[in-house]
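Reader: I would like a close look at a single part of this structure, set in the context of what surrounds it.

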Number of protein chains: 2
Amino acid sequence: MIISKTTSYAIRILQAMARNEKEATTATILFRQLKIKERYLKRLMTTLAKQGFIKGKRGRSGGFILARPANQIFLSGVIEAVEGLESFNACILGVTDCRLSPVCAMHDVWGEIRKTMLNTSSSTTIQDLAKSPGNIQTEMSNK
Amino acid sequence: MIISKTTSYAIRILQAMARNEKEATTATILFRQLKIKERYLKRLMTTLAKQGFIKGKRGRSGGFILARPANQIFLSGVIEAVEGLESFNACILGVTDCRLSPVCAMHDVWGEIRKTMLNTSSSTTIQDLAKSPGNIQTEMSNK
DNA sequence: CATAAATAATACCTTCAGGTATTAATATTT
DNA sequence: AAATATTAATACCTGAAGGTATTATTTATG
Ligand code: FES
Ligand code: FES
């Protein structure tokens, strides 16, 4: 995958929460919707809370709610918080920052791809995803 | 990284070999040129031999030579042999084959990116890379 | 207050890509 | 034939991402 499995989970979680913004939800409810391993999902929720994307409230009738409006959460922000943006700067042949040393035949086309990914992820918000139809419940592989 | 470190190594090895096609080379010489951990490089050479990209000859004055002309080795082939092409079919949100279920706001732009990567890698040969200037000797990170 | 239902924190386990070590097989040179 | 230089095969080690288990903390409600 281009982004890590965990980042993908994070985005899917936020997307689901954005679908009924304002309404708090629980990890268990999200688990039922998203089919992400429950324990791992819970741990990831904590991470997202620490990173300031959501707010957790403990205790009976507790749950999670978006900390910011969904249209202010950009994909690039989520990716950066969970795994960093390094992938987007790496050359397809492994040059750490190929802008400084364009040494492969993929460089031009690759530069375009990279630019597109960066532009898209920093202009697409969680709300955009939430508005798009369909629910992602598929099991995923790591490839 | 988009492709795995190992795949990237493989492409770099083949590129180096293509620069003096017809001339056999040894793992040690390639190690000096590419700065890939020697033992790992040797093991990878064996893999590439098994996959039919290069031919190894044992014994004193042995070495490796390309099994096919460099202009007949496509990047897509190398990627497929070393790590598979799954990444190119995966949705950015982890849907295994998003052509069947386009469920995210990235779908359109992501489809374009994927198409470009696939087209480019299956029309670019090792010879194309070999002709491009510069040598890749950078240490790489995995991100 | 006691209980239940939720998040929070922490430590541990598992898997796999990447990397290392060792030994075997093969071919050339002397 | 012995020594040497190479690839081939195999098994093992390591670190990080993904996943699991356990316990602590907080809050609402009977
Ligand atoms: S040097 Fe390879 S993509 Fe830039
Ligand atoms: S469904 Fe996400 S890119 Fe196709």
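Which strands of chain A each supply at least two residues of the lining of the second largest pocket?

Author: The model is a predicted one, and in it the strands that each give at least two residues to the lining of the second largest pocket are β1 and β2 of chain A. The space in this pocket comes to about 190 Å³, and its lining consists of A:Thr26, A:Ala27, A:Gly56, A:Lys57, A:Arg58, A:Gly62, A:Gly63 and A:Phe64. Sorted by class, these lining residues comprise 2 nonpolar, 4 polar and 2 charged.

Two of the lining residues also lead to the DNA. A:Ala27, which belongs to the pocket lining, is among the residues that come nearest to DNA strand C, together with B:Lys5, B:Thr6, B:Arg43 and B:Gly59, and a polar backbone atom of A:Ala27 is 2.8 Å from a phosphate oxygen of that strand. A:Arg58, likewise part of the lining, places a polar side-chain atom 3.2 Å from a base oxygen of DNA strand D.

The strands β1 (54–57) and β2 (63–66) of chain A, already named for the pocket, each supply at least two residues of the surface near DNA strand C as well, as do α3 (38–50) of chain A and, from chain B, α1 (5–19) and α3 (38–50). That surface has 26 residues, which divide by class into 4 nonpolar, 10 polar and 12 charged. From chain B, a polar side-chain atom of B:Thr6 lies 2.4 Å from a phosphate oxygen of DNA strand C, while for B:Arg39 the corresponding distance from a side-chain polar atom to a phosphate oxygen of DNA strand C is 3.1 Å. Of the atoms of DNA strand C within 4 Å of the protein, 71% are sugar or phosphate atoms, and the rest belong to bases.

For DNA strand D, the elements that each supply at least two residues of the nearby surface are α1 (5–19) and α3 of chain A, with α3, β1 (54–57) and β2 (63–66) of chain B. Here 27 residues surround the strand, and the closest are A:Thr6, A:Arg43, A:Gly59, B:Ala27 and B:Gly59. A backbone N or O atom of B:Ala27 is 2.7 Å from a phosphate oxygen of DNA strand D, and a polar side-chain atom of B:Arg58 is 3.4 Å from a sugar or linking oxygen of DNA strand D.

Notes:
Residues numbered from 1 in each chain as written. Chains lettered and ligands numbered in written order. Predicted model: local features only at pLDDT ≥ 70, side-chain atom pairs only at ≥ 80, totals over all residues. Heavy atoms only, no water. Near = heavy atom within 4 Å. Polar contact = N/O pair within 3.5 Å; in protein donor to acceptor, adjacent residues only side chain to side chain. Helix = DSSP H or I, 4+ residues; strand = E, 2+ residues; numbered from the N terminus. Nonpolar A, V, L, I, M, F, W, Y, C, P; charged D, E, K, R; others polar. 1 Å grid on protein atoms, 1.4 Å probe; cavity = no way out; pocket = protein on both sides within 12 Å on 5 of 7 lines; lining within 4 Å. Points joined across faces, edges and corners; volume = space filled by probe spheres on them.
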